[in-house]
Amino acid sequence: MIEFDHVTKKYSDGTTAVNSLTMKIKEGEFLVLIGPSGCGKTTTLKMINRLIGLTEGTISINGKKISDYNIHELRWNIGYVLQQIALFPHMTIEENISIVPELKKWKRYKVEKRVSELLEMVGLEPDKYRSRKPGELSGGQQQRVGVVRALAADPEIILMDEPFSALDPISREKLQGDLADLQKRIKKTIVFVTHDMQEALKLGSRICIMNEGEMVQLGTPEEIIQNPKNQFVRDFIGVHSEVPETPFNLEDLLRRSEQNGVSGETRTISIHANLPETLKRLSVEEVISVEKNGRKVGTINRQAVIEYMADQTKKRGQSHE
Ligand code: ATP
């Protein structure tokens, strides 16, 4: 879907922000770019919608080089959400959301319907909020509008640059959960920048860890937790020793799954089956029902497994120090 082929960005002052980056982002994937400040995350993101030009290499979307797209066609088909919400203060919520559909000359009734649909999607009653100005909404509500505005004209790709980092921890956690749910329903390709590892583990189907303009490791959260490639990655995820296999504690997993509330069983496994292997391979949408001697003991979801593995890995790292 999005392919980086030896992409390098050198700024005019000689800074190499991204150095020979090669990676493929799959359709419908939630890819998280993470790394320390200045490692090139935002530059990588902004090259996708040509807000920043490449110095070397190519980026292609659906097999076509981004430089061969008409710039408007490219930007309208890529939603973009920033940390600073950037809603237009003099425009109503409805007008803010309608910008790209209007540019694409959608019919009025279709735009109105879309605005209602999107506001509902993020829990804002359309009749109550559509005519308000951004200043009449809380920070978290404005951020929700910022997210759905990026979805308004049904883009194939959504780029998000630390969209929740300015929010308080409660709104942030709520919006992370909402975004994870939304992604499951709408199946867009999302490229998401953060420097928060917990956020990356929670949201990413794969995580790209960057350092000094280069990709250090690309993998699923489970792969990164279980097999950090080197000391940089271990330090980054907060582990300071080699990582042994995770022995799962069933009670703990059931409790975490209940707390994070992701539901909707997709299959059933028996405790006698190969539980650790099954758990490590859960996909984002999966919630499994666990049985012992033919009786259900509870359900486990992927988020709980990842949180559990991350905690265990950290604890082991600390006891080793
Ligand atoms: P942060 O997490 O702090 O936002 P980042 O990983 O997103 O950082 P970038 O903003 O991509 O990093 O910057 C990568 C490098 O490029 C940094 O060294 C930065 O100082 C440099 N840089 C970014 N924009 C410019 C610019 N316009 N001119 C020169 N150097 C720049």
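**A guided tour from sheet to ligand to helix α7**

Select Thr8 and Glu56 to begin: Glu56, in β4, is the bridge partner of Thr8. The model on display is a predicted one.

**The sheet**

Extend the selection to residues 2-10, which form strand β1, and to β4; the two strands pair in the antiparallel sense over 5 bridges. Next, show the whole open sheet, whose 4 strands follow the order β2-β1-β4-β5 with antiparallel pairing. Residues 16-25 (β2) and 64-65 (β5) stand at the edges; each has a single partner strand, so one side of each is left without a neighbour in the sheet.

Now move to the β5 edge. Strand β4, residues 56-61, is joined to β5 by 2 bridges, and the two run antiparallel. Select Ile61 and find Lys64 of β5 opposite; then select Ser60, which stands opposite Lys65 in β5. The hairpin of β4 and β5 has 2 residues between the strands, and Asn62 there takes a positive phi near 50°.

**Helix α1 and the ligand**

Select residues 41-48 next. This is helix α1, which is mostly covered, with 6 of its 8 residues buried. Colour Lys41, Thr43, Thr44, Leu45, Met47 and Ile48 to display the buried residues of α1. Just after the helix, select Arg50, which takes a positive phi of about 65°.

Which element gives the largest share of the shell around the ligand? Helix α1 does, with 3 residues. The ligand is surrounded by 13 residues, and the closest are Tyr11, Ala17, Ser37, Thr42 and Thr43. Thr43 therefore deserves a second look: this residue is among the closest to the ligand and is also one of the buried residues of α1. Colouring the shell by class shows 8 polar, 3 nonpolar and 2 charged residues.

**Helix α7 and Leu175**

For the last stop, select residues 169-186, helix α7, and pick out Leu175 within this helix. Is Leu175 buried or partly exposed? Leu175 counts as partly exposed because 19 C-beta neighbours lie inside 10 Å, whereas a buried residue needs 20 or more.

Show the contacts of Leu175 as well. Leaving aside residues up to four places away in sequence, Leu175 touches Gly140, Gln143, Arg144, Phe164 and Leu167. Finally, draw a distance from Leu175 to Leu254: the two are 23 Å apart in space, C-alpha to C-alpha, and 79 residues apart in sequence.

Notes
Residues are numbered from 1 along each chain as its sequence is written. This is a predicted model: local features need pLDDT of at least 70, side-chain atom pairs count only at pLDDT 80 or more; totals for chains, interfaces and linings use all residues. A residue is buried if 20 or more other C-beta atoms lie within 10 Å of its own, exposed if 12 or fewer, and partly exposed in between; C-beta atoms are placed from the backbone. A residue is near a molecule or strand if its C-beta atom, placed from the backbone, lies within 6 Å of it. Ala, Val, Leu, Ile, Met, Phe, Trp, Tyr, Cys and Pro count as nonpolar, Asp, Glu, Lys and Arg as charged, and the others, Gly among them, as polar. Two residues are in contact if their C-beta atoms, placed from the backbone, lie within 7 Å. Two strands pair if DSSP finds at least two bridges between them.
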